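Ready for a few short exercises? Have a look at the model below, then work through the tasks one at a time.

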Amino acid sequence: MATPINTIPQIRDALQATFRSGLTRPIAWRQHQLYQLARLAQNERELICDALQKDLGKPKTEVLMAEVGCIIETAMKSAEQLPEWAKTEYPEVADWQKPWKPTPWNYPMLLIFQPFMGAIAAGCTAVLKPSELAPAFSQLLDEIMPKYFDPNVYRVVNGAVPETLKLLELQWDYILYTGNDKVARIVARAAAKHLTPLTLDLGGKSPVIIDSAYDIDLAAKRILWGKCKNAGQTCVAADYVLVQRDKQDELIKAFQKHYDSFFPNGALDSPFFGGIGSDMHHKRLISLLSRTKGEVVLKGRSDAARRRLEPTIVKNVAEGDSLLEEELFGPVLPIVPVDSFKQAVDFVNARPRPVVLYVFSDNESVKQQVVSETQSGGIVFNDTYQQLSVHELPFGGVGESGYGYQVMKYTYDTFTQLRSSIDMPREAEPHLAIRYPPHSEEAVRALTAVVHTPIPLSRL
């Protein structure tokens with residue numbers, strides 16, 4: 001059920017009033033909310049699994065591992081580490097400045113959408129706007145949130161385009177958007193109107209480069225496993241594979257071998273493989289496959305009525321192919337053959353910077369080459385997808401794959417403001433006397449001494 005549009009401004013105003021009341025500021029209060037989030041995930045896990053099965057056909061084990069379990073773990077860790085995160089920071093300064101107590105204070109922003117955990121930890125009030133493409137889960141969230149959280153502090157707004165546009169008309173202190181670059185541009189334009197800071201968690205076409213000296217069989221196994229998570233519908237899914245031409249057929253055989261191992265009876269009816277998020281996205285994937293000039297070597301079966309599509313691998317995909325037009329966001333994996341590792345790097349650099357770049361190589365000089373010569377939100381060597389389990393690492397894109405950082409302390413930092421401060425003691429006055437006019441010649445020399453600092457010789 002969509003949130004009535006005329007109530008959205010009232011929701012914003014109510015949350016703003018709550019924030020100004022100071023309710024969300026105490027650390028103990030924030031910790032309790034984080035534990036409440038963990039309790040929500042733990043206690044309502046069966047309903048959550050059922051909703052995501054209805055919406056996306058997601059396997060229960062995958063939901064429990066990758067979503068419910070992740071929320072419980074990170075919420076509890078965030079609660080435990082919050083007192084340390086929120087401590088006043090004292091930067092290193094010269095001895096004569098230390099009595100001034102220079103301090104950047106953490107000052108929370110007001111209203112954000114998600115991730116909810118960072119908003120809680122930062123002491124923010126928040127509106128969560130879940131995707132309309134998961135209606136069962138969105139409705140469930142609206143129903144269970146009040147069981148665990150004060151609706152004067154946190155609210156859910158449901159709906160589609162009209163509700164989202166009404167939200168974006170209003171002034172917020174921070175916006176975090178997760179989705180595609182087309183909608184991100186709309187969000188960014190709306191934020192610019194109010195000079196609202198924002199984080200964009202996007203995606204794009206995350207490439208895989210395979211060094212020809214690497215174990216092709218192991219690379220195929222790890223790539224296919226990551227690609228099958230949520231049927232390829234993750235922003236960090238491998239989007240296409242760059243491999244040297246003479247290794248392409250070996251890679252395809254390895255993909256077939258591991259596909260048969262993962263899904264002995266195929267993935268179409270497997271309880272370990274999810275469905276496509278919507279009819280629109282299913283049709284989009286089928287259309288892209290119908291227009292490819294590449295050769296389909298692992299043809300996945302399709303069931304449009306159930307929005308199911310098995311992993312599909314296409315070889316000999318070349319520049320300009322339909323499968324390279326946009327982020328695939330599904331279980332389709334094109335293989336682009338190249339004649340050298342350098343050509344693979346050049347291919348990646350000729351495209352928008354991805355949220356993650358995957359590289360399979362045991363050669364340290366090759367790894368360093370990729371680090372030095374490419375740009376991406378993150379870089380992962382010799383695996384796919386698994387980086388999301390390392391909660392201590394920041395997650396974020398660069399350029400068209402987004403900007404800003406998330407995950408635990410990084411999310412907390414996103415939704416807090418470093419508020420600078422000094423407190424000048426009376427006892428400093430003798431030291432400050434030199435700054436007051438009129439200035440003697442001696443005072444001028446002292447005040448401008450840095451201008452005459454010797455600069456070391458340097459040569460290129």
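**Exercise 1.** Is Lys77 buried or partly exposed, and which residue does Lys77 pair with in a salt bridge?

*Solution.* Start with the surface: Lys77 has 24% relative accessibility, so it counts as partly exposed (buried is under 20% relative accessible area, exposed over 50%, partly exposed in between, with a 1.4 Å probe and protein chains only). Next, the partner is Glu73, with the closest N and O atoms 3.4 Å apart; a salt bridge needs a side-chain nitrogen of Lys or Arg within 4 Å of a carboxyl oxygen of Asp or Glu. Glu73 is partly exposed too, at 36%. Finally, the two sit 4 residues apart in helix 4, about one helical turn (helices are DSSP runs of H or I, at least four residues, numbered from the N terminus).

A word on the ground rules: this is a predicted model, where local features need pLDDT of at least 70 and side-chain atom pairs pLDDT 80 or more, while totals for chains, interfaces and linings use all residues. Residues are numbered from 1 along each chain as its sequence is written, and side-chain values use heavy atoms, leaving out hydrogens and water.

**Exercise 2.** Which parts does the salt bridge between Glu46 and Lys60 tie together?

*Solution.* First, check the pair: N to O is 3.0 Å. Then place the ends: Glu46 is in helix 3 (residues 45–56) and Lys60 in helix 4 (residues 60–85), so the bridge ties together parts 14 residues apart in sequence.

**Exercise 3.** How many salt bridges does the whole structure hold?

*Solution.* A full search gives 24. Among them, shared partners join Asp181, Arg185 and Glu400 into one network.
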